[in-house]
Amino acid sequence: MKRIYISLAALCLCIFSSNAQNISDLIISEVLVDNDSSVVDDYGNRNGWVEIFNKSQGTVNLGGCYLSDDRNDLTKSVIPKGDLKTKLGPRQVALFYASGNKRQGTFYLGFRVHKESTIYLTSNDGRTLVDSIEIPASLPADMSVSKIPIDNKQMVFVTSGEPTKPTPMSFNESGNNETKSQKMAREDPYGLILTVVSIMVVFSALIILWFLYGTSGDIFKGKHKLTKKMSGKNDNEKSREIAAAISMALDAECNGEVYAAIAMALDKYQENTVHDMESYVITIKTGKSEWSSGQLSFRQLPK
Amino acid sequence: MDQIINSLSQFWQFTGFCNMTWQHLLMILIGIGFISIAIIKQWEPLLLIPIGFGMIIGNIPMFPGLNIGIYENGSVLNTLYQGVKQGWYPPLIFLGIGAMTDFSALISQPRLILIGAAAQMGIFGAYLLSLLMGFAPNEAAAIGIIGGADGPTAIFLSSKLAPDLMGAIAVSAYSYMALVPVIQRPVMLLLTSKKERNIIMPKPRQVSKKEKIIFPIIGFLTTALIVPSGLPLLGMLFFGNLLKESGVTRRLAVTAGGPLIDVVTTLIGLTVGCSTQADKFLTGNSIKIFILGLLSFIIATASGVLFVKFMNLFLKDGHKINPLIGNAGVSAVPDSARVSEVVGREVNPENHLLMQAMGPNVAGVIGSAVAAGILLGFLG
């Protein structure tokens, strides 16, 4: 019994630990130094900024982590704890203004960003380096240095070799914006590959259906080995017997009313007025007419 | 007096007469033509009348900025058009089609499914031709789907792949669907001998209720697992069919196959018609699309017929398939099956092919939805 409890506890631990926040999933995704026309902060100033991206599928709390531009002083600017906005959801970004005045708010850094420097993101223990990004000396104004995804599925990022157009507060798209259609035009200009593959897929799908319906049909018809074993007689034999029994019963018992009912059902079926949309079923529904209407048979009350 | 003249002059600027161009007039005449064909010839009236009248509505020239045009954000027509643009009318129509369609003919003779696959060659033939005519792959795929002879699928795919061409593609698809008897008959006669047309096929067996209930579940799982991108169409088609065949959701099936599909068909037809504003519709591309659409129907019909002849090479006497049902592999339900019946009876009045042709016909619906899913997966 103890083993079961221990196993359950271990399982719970695994589940909770897998959902727990992982600071190592944070990256410094983009940095802009000279801000002439990019975003304005809450105080109306155009500062440089640092963007942090959560590449995991879970929520990560930035609170307590540090940003710095000095390798020897990794705790230069702390991100305050207790602010709900520091919780980054999956694939979300946070933008920190490098105003040099930490007291301006949660999302303001105590230093300014400069070219030819490195920005460090440090874990809340103040020692573990989570990520860093180098700012080149040649970074033009209003251009940023950013990390772009080379594998969107695995969330693998590399620093872009060239300055990029700033995209604050949004996921950095990879430089390769080629659409599927453009890619297809390049790789298969005459469309032959797509055509052959598509025809094969259409045929495969319908051949599988053919096989499945064929097999199920055999089972229902009684031709399949299994059903043959289960019942000695097949459906055709049974239906012939039933038909013979019905005809004998009709011969013996039927009067004109039965024939009239069958004739009326067929007539209604041909008119398509009472058929209830089921195959092989003819239903006679009682329709309302002046003869059967209760309302019309009432006498008018005297005024 | 001057004020009155000025006011009248200003009013004149707002009228359609003042803003009318020959292109608008041409489109209005085409709309009237659609309505006339629908009423006089009774070709696809449920579609051609809404589309035709939509063309007239969409081509009333108007002063811009009144927020009433179909392309003006927030207008009533624009709101209704979102069902086409965002692609949620076609799956609703597929729900209704599923709820109305009896797949017994297909279940009883599963080998006929392959004809539904072969007829999809029309889609890919038109795709190749469109590329040769200079269209981009996504546009070529949207044009190619006209060959599926399935209006909702054509609208669904073109709204995803080539929204700019959607009006021309939808009108082309529905026009040729209305002209199925005219287009298919000569192709069928050309490709078959009198002896082949006289082949009498065995009657389809009776299908049990259990088989009908299992059909949509197996069909959906198989096709959707192979082509998940076709999920909106395939899911709704088979769901609608399950509503019908389960026997316990009669009210839902009746609603889906009756009032719901009627409402959506009216809206889709009207808004597609409205979207053919002269300035967006009368272009060189539209003419190319109409030519390619016609070719795709011809290729699809020929492929279906020739494929049956190919199948017959491997079938014993008594099990051979009449090639006249090959045309029904396109999914214009039930018009193309009706063409098989009519052409078959011309040779032998006793040879009824309608039920036989319904097999490939409904297989064509599945096939074109699968093909649309593949194209969307590759190019979407």
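# Chains A and B: reasons behind the labels

Author: Asn138(B) sits in helix H10 of chain B. The model is predicted.

Reader: Why does Asn138(B) count as buried?

Author: Its relative accessibility is 18%. The label applies under 20%. So Asn138(B) is buried.

Reader: What does the side chain of Asn138(B) reach at 3.0 Å?

Author: The backbone oxygen of Leu161(B). A polar contact needs N or O atoms within 3.5 Å. The 3.0 Å distance is given for the side chain of Asn138(B) and that oxygen.

Reader: What is Asn138(B) in contact with, leaving aside neighbours within four places in sequence?

Author: One partner is in chain A: Ser181(A). Leu161(B), Ala162(B) and Leu379(B) are also in contact with Asn138(B).

Reader: How many residues of chain B are in contact with chain A?

Author: 46 residues of chain B, meeting 34 residues of chain A. Contact here means heavy atoms within 4.5 Å.

Reader: What is the area buried between chain B and chain A?

Author: About 3400 Å². Carbon and sulfur atoms give 77% of that area. Helices H8 (113-118), H9 (121-132), H10 (137-144), H15 (209-226) and H21 (354-379) of chain B each supply at least two residues of the side that touches chain A. By class, that side has 27 nonpolar, 11 polar and 8 charged residues.

Reader: How many salt bridges are there between chain B and chain A?

Author: The count is 0. A pair would need a Lys or Arg side-chain nitrogen within 4 Å of an Asp or Glu carboxyl oxygen. Polar contacts do cross the interface: the rule finds 4 residue pairs, with both residues at pLDDT 80 or more.

Reader: How many salt bridges does the structure hold over all chains?

Author: There are 10. One of them pairs the side chains of Asp34(A) and Lys115(A).

Reader: What makes Asp34(A) and Lys115(A) a salt bridge?

Author: The N to O distance is 3.1 Å. The cut-off is 4 Å, so the pair passes.

Reader: Why does this pair tie together parts that are 81 residues apart in sequence?

Author: Asp34(A) lies in the loop between E1 and strand E2 (48-54) of chain A. Lys115(A) lies in the loop between strand E7 (93-98) and strand E8 (117-122). Asp34(A) is partly exposed at 29% relative accessible area, and Lys115(A) is partly exposed at 33%.

Reader: How far apart are the closest N and O atoms of Lys76(A) and Asp69(A)?

Author: 2.6 Å, in a salt bridge.

Reader: How do you know whether Lys76(A) is buried or exposed, or in between?

Author: Lys76(A) has 37% relative accessibility. Partly exposed covers the range between 20% and 50%. So Lys76(A) is partly exposed. Its partner Asp69(A) has 19%, which is under 20%, so Asp69(A) is buried.

Reader: Which residue forms a salt bridge with Asp131(A)?

Author: Lys147(A). The closest N and O atoms are 2.6 Å apart. Asp131(A) lies in strand E9 (residues 129-135) and Lys147(A) in strand E10 (residues 144-151), so the pair ties together parts 16 residues apart in sequence. Both residues are buried.

Reader: What does Ser29(A) touch, not counting residues up to four places away in sequence?

Author: Lys147(A) is one of the residues it touches. Others are Glu51(A), Ile52(A), Phe53(A), Val145(A), Ser146(A) and Asn172(A). Ser29(A) is placed in strand E1 (residues 26-32) of chain A.

Reader: What makes the side chains of Ser29(A) and Glu51(A) a polar contact?

Author: They are joined at 2.7 Å. The limit is 3.5 Å, so the distance fits.

Reader: Why is Ser29(A) called buried?

Author: Its relative accessible area is 2%. That is under 20%, so the label follows.

Reader: Why does Lys85(B) count as partly exposed?

Author: Its relative accessibility is 42%. Exposed would need over 50%. Lys85(B) lies in helix H5 (residues 76-85) of chain B. It touches Ser159(B) and Met166(B), leaving out residues up to four places away in sequence. The C-alpha atoms of Lys85(B) and Ser158(B) are separated by 9.1 Å, with their positions 73 residues apart along the chain.

Reader: How many helices and strands does chain B have?

Author: 21 helices and 0 strands. Buried residues make up 58% of its 380 residues.

Definitions and conventions: Residues are numbered from 1 along each chain as its sequence is written. Chains are lettered from A and ligands numbered from 1 in the order in which they are written. This is a predicted model: local features need pLDDT of at least 70, side-chain atom pairs count only at pLDDT 80 or more; totals for chains, interfaces and linings use all residues. Side-chain values use heavy atoms; hydrogens and water are left out. Buried area is the accessible area (1.4 Å probe) that two parts lose on being put together, summed over both. A polar contact is a pair of N or O atoms within 3.5 Å; within protein, one must be able to donate a hydrogen and the other to accept it, and residues adjacent in sequence count only if both atoms are side-chain atoms. Helices (H or I, at least four residues) and strands (E, at least two) are DSSP runs, numbered from the N terminus. Ala, Val, Leu, Ile, Met, Phe, Trp, Tyr, Cys and Pro count as nonpolar, Asp, Glu, Lys and Arg as charged, and the others, Gly among them, as polar. Buried means under 20% relative accessible area, exposed over 50%, partly exposed in between (1.4 Å probe, protein chains only).
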